[in-house]
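The following exercises concern disulfide links, an open sheet and a loop residue. Each task is followed by a solution worked in steps.

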Amino acid sequence: SGGLWCWGSNVYGRLGDGTTTSSLIPLNVGSGPTWVSLSLGYDHSCGIDSVGDLRCWGWTNNNRTGHGLTRLDLTQVGVAAWGAFDVGFEDACGIRDNGTLWCWGANNYGKLGVGDYSRRSVPTLTSAAKTWRTISVSGTHSCGTRANATLWCWGNGGNGELGMGDTSSRLTPTQVGVALDWAQVSTGFGITCAVRATGTLWCWGANPFGQLGNGTYNFSSSPVQVGVGTDWASVSAGNSHVCATRTDGTLWCWGVNSQGQLGDGSTTNRPSPVQVGVATNWLSVASGGEHTCGVRGDGTLWCWGLNAHGQLGDGTTTNRANPVQVGVATNWASLATGSSHS
């Protein structure tokens with residue numbers, strides 16, 4: 001229906017309802033525009049409406065909301081039309097409808113890709129190339145794909161998360177290898193995962209909890225394949241865990257599992273993918289700080305993991321090691337998770 005709903009911690013107004021009151025269940029955010037996409041950071045959130053306007057709300061420290069002011073409500077960022085975007089820990093990047101890439105907020109590690117470490121209070125041109133298609137921003141680095149299916153990363157490289165074969169940082173977008181078949185990328189804290197057009201899944205970066213999914217705990221500064229499957233559809237990297245869907249509708253997670261964020265009924269870390277239940281109709285997944293949510297083909301929404309702030313939306317603050325349904329609605333279309341809100 002295009003409505004926007006948020007729940008969990010509302011510190012700094014990150015839920016966008018004009019208050020700082022947290023909610024244990026989904027809260028309808030205003031009666032404004034029809035929403036088409038959403039992304040959540042640590043203490044702020046952003047979304048794009050049906051006419052391409054980008055709006056952000058929450059804490060503006062380090063200029064992360066892009067309009068220089070603290071906002072408890074949904075405030076438009078500039079006047080440009082936006083096609084895609086992503087929100088990181090203290091910053092965000094977006095692709096305008098002409099294909100150019102813009103970033104703003106804190107610039108720790110140079111993850112805005114503008115060639116320096118200075119913060120930006122408004123969207124700043126990162127790349128004038130009109131070929132950007134997807135973007136993913138984390139707490140340490142950023143990555144994006146272009147029209148020719150190349151993959152580019154920038155920011156901190158200390159954990160090998162840029163995929164360049166070294167641990168050096170990059171202040172501007174730098175191509176990852178020479179492959180021309182990258183379809184989707186997701187950045188987590190010190191880790192990157194990406195799906196190729198062949199259906200193979202690759203991860204690189206930090207690996208103390210097995211979040212690379214290759215059965216080891218060794219970090220890698222170059223992409224390493226997750227298993228041998230060629231049927232991966234999408235991937236989402238969280239703080240120290242990763243979840244991904246396959247073309248058969250199954251959902252798999254791996255990495256740290258201290259709060260049950262892998263959804264396998266345990267709190268045991270997994271260095272290789274484990275299936276989440278037996279459902280075969282998962283459409284999308286979003287990995288947050290220590291929780292995960294997913295939408296199924298029947299339009300239902302499910303969450304699991306840490307629930308200290310009500311980020312699972314089930315009306316409690318009880319952690320869940322298995323997926324629990326959020327309400328009874330069957331028309332959820334997309335989702336996003338932050339550190340402690342969804």
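**Exercise 1: A disulfide and its setting**

In this predicted model, a disulfide joins Cys193 to Cys203, with an S to S distance of 2.0 Å. Determine the handedness of this link and locate its two cysteines.

Solution. The torsion about the S-S bond of Cys193 and Cys203 is about 110 degrees, so the disulfide is right-handed. Cys193 lies in strand E16 (residues 191-196) and Cys203 in strand E17; the pair, 10 residues apart, links distant parts of the chain. Both Cys193 and Cys203 are buried.

**Exercise 2: A cysteine without a bond**

Explain why Cys6 is too far from the closest cysteine sulfur for a bond.

Solution. A disulfide requires sulfur atoms within 2.5 Å. The closest cysteine sulfur to that of Cys6 belongs to Cys46 and is 11 Å away, therefore too far for a bond. Cys46 itself forms a disulfide with Cys56, their sulfur atoms 2.0 Å apart.

**Exercise 3: Edges of a sheet**

Identify the edge strands of the open sheet with the order E11-E12-E13-E14.

Solution. The four strands of this sheet pair in the antiparallel sense. Strand E11 (132-137) and strand E14 (170-175) each have a single partner strand, so these two stand at the edges. Between E13 (residues 151-155) and E14 there are three bridges, and Cys153 has Thr174 in E14 as its bridge partner.

**Exercise 4: A loop glycine**

Is Gly213 buried or exposed?

Solution. Gly213 is in the loop between strand E17 (201-205) and strand E18 (220-225). Its relative accessibility is 4%, so Gly213 counts as buried. Among the residues that Gly213 touches are Trp254 and Pro271.

Key. Residues numbered from 1 in each chain as written. Predicted model: local features only at pLDDT ≥ 70, side-chain atom pairs only at ≥ 80, totals over all residues. Heavy atoms only, no water. Buried < 20%, exposed > 50% of the residue type's maximum accessible area, 1.4 Å probe, protein only. Contact = heavy atoms within 4.5 Å. Pairing = 2+ DSSP bridges. Lists of a residue's contacts leave out its neighbours within four places in sequence.
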